[in-house]
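Welcome! Take a look at the sequence and the 3D structure below, and then we will walk through helices, sheets and disulfides together.

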Amino acid sequence: MLRDSFPIGSAEGILCQVQDRSLENKARQSMFDRAWAVVCRDSAQPVSTVYAFKGDAGDPLGRIAPLRRQPVECPAGATVAAALDGVASHQLCRISGTELGWSIYSVQQGDVTYVADGFSAYDSATVLALRSVLENRIAPGVIDVATTSVSDPFAFARIQAATLEPSQAMAEGYRRNLGGEYAEAAAYFETLEQRLAGDEEADINPGEFLVNRALQKSNLGEFAEADRLFIKAEPLTSSDPVAARLQRNFEAIHLLNQGFYPEAITRLDRPITAGLPSAEAMAGRLEISAPIAARINGDGAGEGLLGFVDEVKLSKLERATIIDAQALQLKGTALRLSGNKDAARTALLDAYAQAISVRDGRVISIARLRSQVLGELALIAESEGDLATAESYLLNAIDILQAQYPDRRAVSGAKARLGAMLLRNGREEEGMAIYREIVSRAVGKGDAATGFSNQLAPYFRRLAPRVGTDGVAADDFFEATQILVRPGVAETQAILARELSARNDEAARLFRQSTDLTREIERARIRYVALGREEQTGPVRQAREELQGRIEEMEQQQQRTQAALAQYPQYRVVAPRSLSLGDFRSSLQPGEAYARLAVVGNSLFMFYTDKETALAWPVDVSAEDLELKVDLLRASISVFEGGQYLTYPYDIEGGHELYTLLFSPVADRLQGVKHLVFEPDGAMLRLPVDLLVTDDASVERYLQRIEAGGDAFDFTGVNWFGRGRMVSTAVSAQAFVDARMADRSSATQEYLGLGRNAPIGDSPPPAIAATLVSGGNACGWTTAEWNRPIDDAELVNAQSIIGGGRSQLITGANFSDSAILAKQDLDQYRVLHFATHGLVTAPRASCPARPALLTSFGGEGSDGLLSFQEIFDLDLDADIVILSACDTAGKASVEATREAGIASGGGTALDGLVRAFIGAGGRSVLASHWPAPDEFDATERLMNEMFRQGRNRDVGEALGASRRALMDQPNTSHPYYWAGFAIIGDAARPLLTDPAPATASAEPASRAGGGNSQARN
């Protein structure tokens, strides 16, 4: 059992990890005793521990009892012969003072005594771990335990990284990277960096964390963040011969990721100035440690978990040799991409020879390098027409990876290379079969295609023409799109769906308590890290110790909560790995359809289905070009210039061009679609499809009117995509089905309106001034934000439409962050409506986006902001949350997401306030894609009419009717005034219940339009 860690559990249940804890095993009596911790998703601490005592174990239960985090009571007669085919005794106990069960398994095998000790709720995981240790292989089986998350590998990786010994966590991080699991690798290095912050005795160069994090960011396409991390790392790596080599190689990969091939070669050729010790000096320092001795003297039975051994730590010289071999491989790749095949082949063969010279090639970490060299040689052979050699290289690459990283993403990437080559060379059936296998293994695993999604483009391209006539191809295409879901708001919406599925108050309470504790633990860890970076004075050290104790208390509480959830069967059921096309279609009503834009590398594909028909087609524009087209459209709607937001005449030709690119193959079918569920990707996350123009005639009429001297801001008569059609924005197909299936809110009150903050003046009171100064460094907000409150007319009008008996307004000084956080009955309102400033875009480009809603200042501790983190912690039971504020469909930065205690997502549109309110309990969110306009009272009119229409209509129909009123007025016909709000969730759900009588509608404004835009910015 030589691996530091290995996974257990099949895809039908949840996955857990078994981690070697032999070095820190306090129950150890000899160097041959071993220990393993079992770590499962959603549990902040190990759920059980497996011990192996060689020879005379004495009283093993007495030795492990003091090591438990909580006392355990074992009544007499509680031992039964049960698990593991009767070879183990099972003792049934209880955690003292609770009803939570505790299990103790004991097994004797030869001269080794095995004991497994942990929560009874996790027995299925404990038994699988014990079986794996006994059989020296990963034992098959299903883990049946309660889970609150859905399929977030990033968050689970952080849990594992926080519980492993640092050197083991570093090794596992590299294994995840080499296995192609880039987001998970980033979680390991980020968590490890945090754990060791302020630890002067740590023997790991912190620059190594930074360059690894930079590489993961680059592999995920976050190039600017990668640049920042590389710059930060350089002073720490330059004098370290290993870390400097890593930085060189990783920067070269970063350049290759961006297509800068000559620059990558130049970076690889730059000399390393840090010297290495000689081989003789390194040999004199070798020693046999306790765990190595245990492995040398083990029974040697089986190779099931062995593979090639590199658990004996490599010397610096050996690591440098392997890293230099990787540099040769990268140079060969850059030369091939530059067209120099002969030089590329030479560099690649040299890389292979140098890599296998270290310990005769029996080093697990070079498996990925060897496979990459073979993959590059295969491409060269194919280009020269030697297909047999190319296929042989690729098959060998797959075998190497499968042996060391079974079923991990790197294997899928290698298989995709083979599938693409087969498709390119006419072996259609074989290539498509390989791709189907890849998708089948990846679906339901979060960001399963990250790192090799570009290699899936040939599969999408072959499938698309068949979808319309081949039902199997339609099913395959729909399934493949589901592996492109990014973590973030989709994960949050799935978790909310699980919470709402409880149909039991106590189960829902425990579920919410577990997720809240998970976030609070993460936030506390971040505070702990921040204290570690300060000067370690006496008070700082004391604060860290107290915080560490608090973290351990919360971890135990969270783990007990998770164990208590096991009594509710619905939380032991894992969400479906994928949604079939048939099941999805069954959720659609007549007149409804679904369209999905999929970004696959730099290629774009559209998928369309209604209840009877499915179609797919490639979009004739690259992902990069789509970004530009969306930027240009948005710039004609609202752009920040010269310190103010400006609106220009809408780019109607660009709007029609984009419609044609995305929807022309189904233009006829869309005529009968009254409700489109649209799942955007890439740049379209930032643009509502409602403002696309559906016909040439609209463009011609507008251009002719302008040529005749008409108003360039008058767009009346245009056939907008959103005219007469409601649109739901979906973050995944499963998320839309969850939103549709969710029970209506059980709140007793209809409406809560919040807005019109109290101004603070140019010279605010000392307490407020101090708050602004303390948070108002380069990334803080100024007093001006609070001194232009949004009028509460739309809130007052909404209440008058709904009626005062079941509604409430909170405005003025009462509308403070502290008052909202203290309000205990927020879950008693079906509709929450915020009309205030949204502070979503960071005040300066260099600042991270920390989205918030502006409020009045309240009591002590108030900062006048309802932050992303605070919103996430609210307890809502809302059918819809209306965010009548600026750009509320925008993103939260990764930093703000982590600060809120959320381990995944961040950095993309919809991952900001939308995600926060869904996390708080909002089934749907109405959010804005740009500043909400106040000119011509446009937003007030839009909201007022929506509530009037919503007395007997679904929210999408009500919003659509309100929009039409603005479209038909010349001064508000520009999309800036009516198209900014999108419904994230299901637009076909009622807005109001038990409506009050209608009130008179407001007179439309008649002021002239154009030019500067007044908005809630």
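## Some ground rules

Axes are lines fitted to C-alpha atoms, for helices over the stretch in contact, and angles run from 0 to 180 degrees between N-to-C directions. Helices (H or I, at least four residues) and strands (E, at least two) are DSSP runs, numbered from the N terminus.

This is a predicted model, in which local features need pLDDT of at least 70 and side-chain atom pairs count only at pLDDT 80 or more, while totals for chains, interfaces and linings use all residues. Residues are numbered from 1 along each chain as its sequence is written, and side-chain values use heavy atoms, with hydrogens and water left out.

## Helices that pack together

Two packed helices are described by the angle between their axes and the distance between the axes. Let's try this on helix H24 (residues 623–637) and helix H25 (residues 652–663): their axes lie 10 Å apart, at an angle of about 145°. The crossing of H24 and H25 is left-handed (the near helix is turned anticlockwise from the far one by less than a right angle; clockwise would make it right-handed). Which residues of H24 meet H25? They are Leu 626, Lys 629, Val 630 and Leu 633, and their partners in H25 are Gly 654, Gly 655, Glu 657, Leu 658 and Leu 661; contact here means heavy atoms within 4.5 Å. This contact is made up of five nonpolar, two polar and two charged residues. For that count, Ala, Val, Leu, Ile, Met, Phe, Trp, Tyr, Cys and Pro are nonpolar, Asp, Glu, Lys and Arg are charged, and the others, Gly among them, are polar.

Next come helix H6 (residues 206–219) and helix H7 (residues 223–237), whose axes come within 8 Å and cross at roughly 160°. H6 and H7 are therefore roughly antiparallel to each other (angles under 35 degrees count as roughly parallel, over 145 as roughly antiparallel, 65 to 115 as roughly perpendicular and the rest as oblique). Their contact holds eleven nonpolar, three polar and four charged residues. The crossing of H6 and H7 is left-handed. Helix H12 (residues 316–337) and helix H14 (residues 367–383) have axes that come within 10 Å and cross at roughly 20°, so H12 and H14 are roughly parallel to each other. Their crossing is left-handed. In H12, the residues that meet H14 include Ile 322 and Ala 325.

## Strands that form sheets

Strands of a sheet pair through backbone hydrogen bonds, either parallel or antiparallel. Here, two strands pair if DSSP finds at least two bridges between them. How many strands form the open sheet with mixed pairing? There are eleven, in the order S12-S11-S10-S15-S16-S25-S24-S23-S19-S17-S18. Strand S12 (614–619) and strand S18 (807–812) stand at the edges with a single partner strand each, so one side of each has no neighbour in the sheet. From one strand to the next, the twist averages 20°. Strand S24 (residues 922–928) and strand S25 (residues 981–984) run antiparallel and are joined by four bridges; in S25, Phe 981 is the bridge partner of Ser 928. Helix H19 (residues 471–481) lies across strand S10 (592–600), strand S11 (603–609) and S12, at about 120° to S11.

Another open sheet has three strands in the order S20-S21-S22, with antiparallel pairing. Its edge strands are strand S20 (838–839) and strand S22 (865–867). Strand S21 (residues 852–854) is joined to S22 by three bridges, and Leu 853 has Leu 866 in S22 as its bridge partner.

## Disulfides

A disulfide is a covalent bond between the sulfur atoms of two cysteines. How many disulfides does a search of the whole structure find? It finds two, where a disulfide is a pair of cysteine sulfur atoms within 2.5 Å.

One of them joins Cys 16 and Cys 40, with their sulfur atoms 1.9 Å apart. The torsion about the S-S bond of Cys 16 and Cys 40 is about 105°, so the disulfide is right-handed. This pair links distant parts of the chain, 24 residues apart: Cys 16 is in strand S2 (residues 16–20) and Cys 40 is in strand S3 (residues 34–40).
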